[in-house]
Amino acid sequence: MIDFIFGESTAPMSTVLVRFITGYVFFVEGIQKYLYPDTLGIGRFIKIGIPFPHVMIHVSAGAEIIGGALLIIGLLTRLATIPLIINITVAIISTKVGMFASKGFWPAVHESRLDFTMLLCLIFLLLVGAGAISVDNQLAKK
């Protein structure tokens, strides 16, 4: 298990592109939860019924900011994907499932496209690792 998380990645160099865009999206979304608390942060968590919103906003934003930054530099990549997978899964369940029930298939599919893209990118990075251009790869070589 330790080798899986910290071991050398055999993923191609182009994995850096998936890692960077995925990390970037989570990093900026986490920051925006604090910049726009009424619409993207605590206010939104209260509106959609997230339990303990005053605590969970920090858990969610913290996972996105820290996990996103780790993905961008390629440090602890596989480990960083785990809380982000949980985060995006909760986001899909808490927002898109209700939308599907109330607005129908196509509006829900349209609104969930980024969420599902991020989920699949995270699963990809969990499976293949950070790739050749990463801090993880440099540490694995030492």
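## Helices and the loop before α7

Helices in this report are DSSP runs of H or I with at least four residues, numbered from the N terminus. In this predicted model, Ile133 belongs to the loop between helices α6 and α7, the latter covering residues 135-141. Its relative accessible area is 40%, and Ile133 is therefore partly exposed, since that class lies between the 20% limit for buried and the 50% limit for exposed.

Ile133 also links distant parts of the sequence. The residue stands 120 positions along the chain from Met13, yet the C-alpha atoms of Ile133 and Met13 are separated by 6.0 Å. When neighbours within four places in sequence are set aside, Ile133 is in contact with Met13, Val16 and Arg19.

## Overall architecture

The protein chain contains 7 helices and 0 strands, and its order along the sequence reads α-α-α-α-α-α-α. The chain is as compact as a globular protein of its length, because its radius of gyration of 16 Å is close to the 14 Å that the globule rule gives for 142 residues. Along the principal axes, the C-alpha trace spans about 50 × 30 × 25 Å.

Among contacts with a separation of 6 or more, 74% join residues that are 24 or more positions apart. Of the 142 residues, 37% count as buried. The accessible surface of the chain comes to about 8,300 Å², and carbon and sulfur atoms account for 74% of that area.

## Helix α4 and its surroundings

Helix α4 runs from residue 53 to residue 73, a total of 21 residues. At 1.5 Å a residue it should span 30 Å, and the C-alpha atoms at its ends are 30 Å apart, so expectation and model agree.

Which residues of α4 are buried? They are Pro53, Ile57, Ser60, Ala61, Ala63, Glu64, Gly67, Gly68, Leu70 and Leu71. Several of these positions are spaced in a way that can be read against helix geometry: an α-helix has 3.6 residues a turn, so residues three or four places apart point the same way. The cover over the buried residues of α4 includes α2 (15-35), α3 (42-48), α5 (77-103) and α6 (105-128).

## The nonpolar core

In soluble globular proteins, nonpolar side chains tend to be buried together. Here the largest nonpolar core has 13 residues, and those with the most contacts inside it are Phe26, Leu71, Leu84, Ile88, Met118, Leu119 and Leu122. Helices α2, α4, α5 and α6 each supply at least two residues of this core, and the largest share, 5 residues, comes from α5.

Met118 gives a local view of this core. Beyond residues up to four places away in sequence, Met118 touches Thr22, Val25, Phe26 and Ile88.

## Thr95 and Lys96 in helix α5

Thr95 lies in helix α5, and so does Lys96. With 14% relative accessibility, Thr95 counts as buried because the limit is 20%. Lys96, at 12%, is buried as well. The two side chains make a polar contact with each other at 3.1 Å.

What does the side chain of Thr95 reach at 2.5 Å? It reaches the backbone oxygen of Ala91. Apart from neighbours within four places in sequence, Thr95 is in contact with Arg44 and Ile48. Lys96, on the corresponding count, touches Ala91, Ala108, Glu111, Ser112 and Asp115.

## Positive phi values on either side of α4

Most residues other than glycine have a negative phi, and most peptide bonds are trans. Phe52, in the loop between α3 and α4, has a positive phi near 50 degrees without being a glycine. Is Phe52 buried or exposed? Its relative accessible area is 67%, over the 50% limit, so Phe52 is exposed.

After α4 comes Gly74, whose phi is positive, near 80 degrees. Leu76 is found in the loop between α4 and α5; although it is not a glycine, Leu76 has a positive phi of about 55 degrees. At 27% relative accessibility, Leu76 counts as partly exposed.

Technical notes:
Residues numbered from 1 in each chain as written. Predicted model: local features only at pLDDT ≥ 70, side-chain atom pairs only at ≥ 80, totals over all residues. Heavy atoms only, no water. Expected span 1.5 Å × (residues − 1). Buried < 20%, exposed > 50% of the residue type's maximum accessible area, 1.4 Å probe, protein only. Contact = heavy atoms within 4.5 Å. Core = buried A, V, L, I, M, F, W, Y, C linked by side-chain atoms within 4.5 Å. Polar contact = N/O pair within 3.5 Å; in protein donor to acceptor, adjacent residues only side chain to side chain. Rg over C-alpha atoms; globule rule 2.2 N^0.38 Å. Areas by Shrake-Rupley, 256 points an atom, 1.4 Å probe, with all protein chains shown as cover.
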